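Subject: Handover of the structure

Hello,

The structure you asked about is below. Please open it alongside this email.

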Amino acid sequence: MSGPTTPTVIDSPAWLEVKAHFKRLQATDLRNLFAADEDRGTTFALQAVDLFADYSKHLMDADALGALLKLAEVAELRGQIDAMFAGERINVTEDRSVLHVALRMPRDATLVVDGVNVVSDVHVVLDQMATFSTRVRNGDWKGATGKAIRTVINIGIGGSDLGPAMAYDALAAYRQEGLSCRFVSNVDGADLWGAVAGLDPAETLFVISSKTFTTVETLTNARSARTWLVDALGTDAVPHHFVAVSTNTDKVAQFGIDTANMFRFWDWVGGRYSYDSAIGLSLMIAVGPDHFRSMLEGFHAMDEHFRTAPFAHNLPVILALLGVWYGDFFGTQTHAVLPYSHELGKFAAYLQQLEMESNGKSIDRNGVGVTAQTGPVVWGTPGTNGQHAYYQLIHQGTVLIPSDFIGFARPNHPLDVHHNLLMANFLAQTEALAFGKTAEEVRNEGVPEHLVAHKTFAGNHPSTTIMAPQLTPHVLGQLVALYEHKVFTQGAIWNINSFDQWGVELGKVLATRINAELTSTDAPSNSGGDGRAAHDSSTTALINRYRSMR
């Protein structure tokens, strides 16, 4: 299925209707909205599998939400969802299916693409991963000297790193004792050097995650890791301490990895949607096949909610439309994700790639410039640390920052006193952001008049509150799928392709050229060989400066 043709949603009467509601509500006050509707806190809330979302603290009413929902209809969102789940080639610029949803379909499901039941292929790899993970976990997989593996180092970048690294922290309570994982992505040698510091090579396993096995940063780190191992144990040790997640059998074999220990994935798996594929091998080793499969079941449960729920009761759709409301009408440019969970310390970083690489586009699927604002800057850290850093700007600064607050009723630790205090802050912050404190309320507290303005809080800062019973593998899968489908929905509204990332390519090409110049003994050339300067004067001067400083 191809996407909508021009005119797009942005050109439609439905868009103008939303704009009219914005003009009506742009000066509204959340205090007034709640005063006018005593049931607002329960009316603007919904349950999606295990996730409860309260979106009542937003600067909109039922009429505005109804107009936003019409945007989904005009975008033919239902048809686009069906096309994705059917395996149609909705990644139009690369002519590919987009089937991360197939990675978590149950074993008995069928999804045929180009004559192949891809679900069957997925479970073949999951079974291979489970067998290997179990061998590492129970000590049957031995290193070259006969020692069991105690540390797994995942080497990847982007989607081959952010997903498993985020989930490894998120599921800390489910890891096997005595077995740890580390994650290396940055080509800065300090990353790899720090990861191997203090380790016994004989007890270390490297998982090299690269679809093509040609990614420069990943292969640079992998080769240095190989040298570290070979210097200690010899070349013959490589097959005992390296496995690959890739599709390039020849390159994997050339590296010295036994291709029997190569775990496959497919071109219909985008990197930022891939940690529930073989890219999650290090995570499966850490938490075990059963917990990994529970996580996949959580993904699938949210997939089904997104696929089947009416849009007015569809949590990914609601979150997506609220993002459109603020970005395209209120003009906000950032979105904060604030998990009140130490274990979700890397969740915002994970969402940065998911949202910003997916929807950071200025050209639509028809090759035409987008006239609306697309993806926001995503950022955030866990509460309560953020409260003592940047919440001041959210409360009393001059920019409007919509926020998602994520919390859990039960902790994965026994310190209930801590958890109750954490969640008290979680609930208090959304209330404070929404309703603030008036000058009259400040005066009634006996504050001197010259300080009243400083201690007044305007409120009217929108937030969504997402709560679940506990951060389990099943709930983590739901949470990630929620944001995946939010991104998909926004891409449909803006008529952009959320599944390519051409913007990352130019810098890579230039870096390859500059790297050769940095290590050359010749003077840097200021000619590209075609009569044009190889670089601008600034870059040329910086190359010379770097070489002189070396």
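What follows is a run through the sheets, one helix, the largest pocket and a few backbone details.

One caveat before the details: this is a predicted model.

**The six-stranded sheet**

Start with the open sheet of six strands. Its order is β1-β2-β13-β12-β10-β11, and the pairing is mixed. The edges are β1 (45–48) and β11 (377–379). Each has a single partner strand, so one side of each has no neighbour in the sheet. From one strand to the next, the twist averages 20°.

Inside this sheet, β2 and β13 (residues 463–470) run antiparallel and are joined by three bridges. A53 has I466 of β13 as its bridge partner.

Two helices to look at here are α15 and α20. Helix α15 (residues 347–359) packs on the sheet and touches β10 (334–339), β11 and β12 (403–410). Its direction makes about 165° with that of β11. Helix α20 (residues 473–494) also packs on the sheet. It touches β1, β2, β10, β12 and β13, and its direction makes about 155° with that of β13.

**S56, just after β2**

S56 sits in the loop between β2 (51–54) and α4 (62–74). Is S56 buried or exposed? Its relative accessible area is 1%, so it counts as buried, the limit being under 20%. Which residues does it touch, leaving aside neighbours within four places in sequence? They are L30, F34, R40, G41 and F44.

**The five-stranded sheet**

The second sheet to check is an open one of five strands, in the order β6-β5-β7-β8-β9. Its pairing is parallel. β6 (180–184) and β9 (262–263) stand at the edges. Each pairs with a single strand, so one side of each is left free of a neighbour in the sheet.

β7 (residues 204–209) is worth a look. Six of its six residues are buried. T204, F206 and I208 point one way, while L205, V207 and S209 point the other. Both sets are buried.

The pairings around β7 are as follows:

- Strand β5 (residues 151–155) runs parallel to β7, with five bridges joining them. T151 stands opposite T204.
- β8 also runs parallel to β7, and four bridges join the two. Here S209 stands opposite V245.

Further along, β8 (residues 242–245) pairs with β9 over two bridges, again in the parallel sense. A244 has M262 as its bridge partner in β9.

**Helix α9**

Does the length of α9 agree with ideal geometry or depart from it? The helix covers residues 216–233, which is 18 residues. At 1.5 Å a residue they should span 26 Å. The end C-alpha atoms are 25 Å apart, so the two agree.

Its buried residues are T218, L219, N221, A222, A225, W228, L229 and V230. G234 follows the helix, with a positive phi near 95°.

**The largest pocket**

The largest pocket has a volume of about 1300 Å³. Its lining counts 45 residues. Nearest its centre are I157, T215, V504, E505 and K508. Three elements give two or more residues to the lining: α9, α15 and α21 (505–519). Which of them gives the largest share? α21 does, with seven residues.

**Backbone details**

Most residues other than glycine have a negative phi, and most peptide bonds are trans. These places depart from that pattern:

- G383 and T384 are joined by a cis peptide bond, with omega about 15°. T384 is in the loop between β11 and α16 (391–396).
- D114 is not a glycine, yet its phi is positive, about 55°. The residue lies in the loop between β3 (112–113) and β4 (116–117). Its relative accessible area is 62%, so D114 counts as exposed, the limit being over 50%.
- N495 has a positive phi too, near 60°. This residue is in the loop between α20 and α21. N495 is buried, with a relative accessible area of 1%.

In short, D114 is exposed, whereas N495 is buried, and each has a positive phi.

Best wishes

Terms used:
Residues are numbered from 1 along each chain as its sequence is written. This is a predicted model: local features need pLDDT of at least 70, side-chain atom pairs count only at pLDDT 80 or more; totals for chains, interfaces and linings use all residues. Side-chain values use heavy atoms; hydrogens and water are left out. Buried means under 20% relative accessible area, exposed over 50%, partly exposed in between (1.4 Å probe, protein chains only). Contact means heavy atoms within 4.5 Å. Two strands pair if DSSP finds at least two bridges between them. Axes are lines fitted to C-alpha atoms, for helices over the stretch in contact, and angles run from 0 to 180 degrees between N-to-C directions. The expected span of a helix is 1.5 Å times one less than its number of residues. On a 1 Å grid over the protein atoms alone, a cavity is a set of points where a 1.4 Å probe fits but cannot get out, and a pocket is an open set with protein on both sides within 12 Å along at least five of seven lines; lining residues have an atom within 4 Å of a point. Grid points are joined across faces, edges and corners, and a volume is the space filled by probe spheres set on the points.
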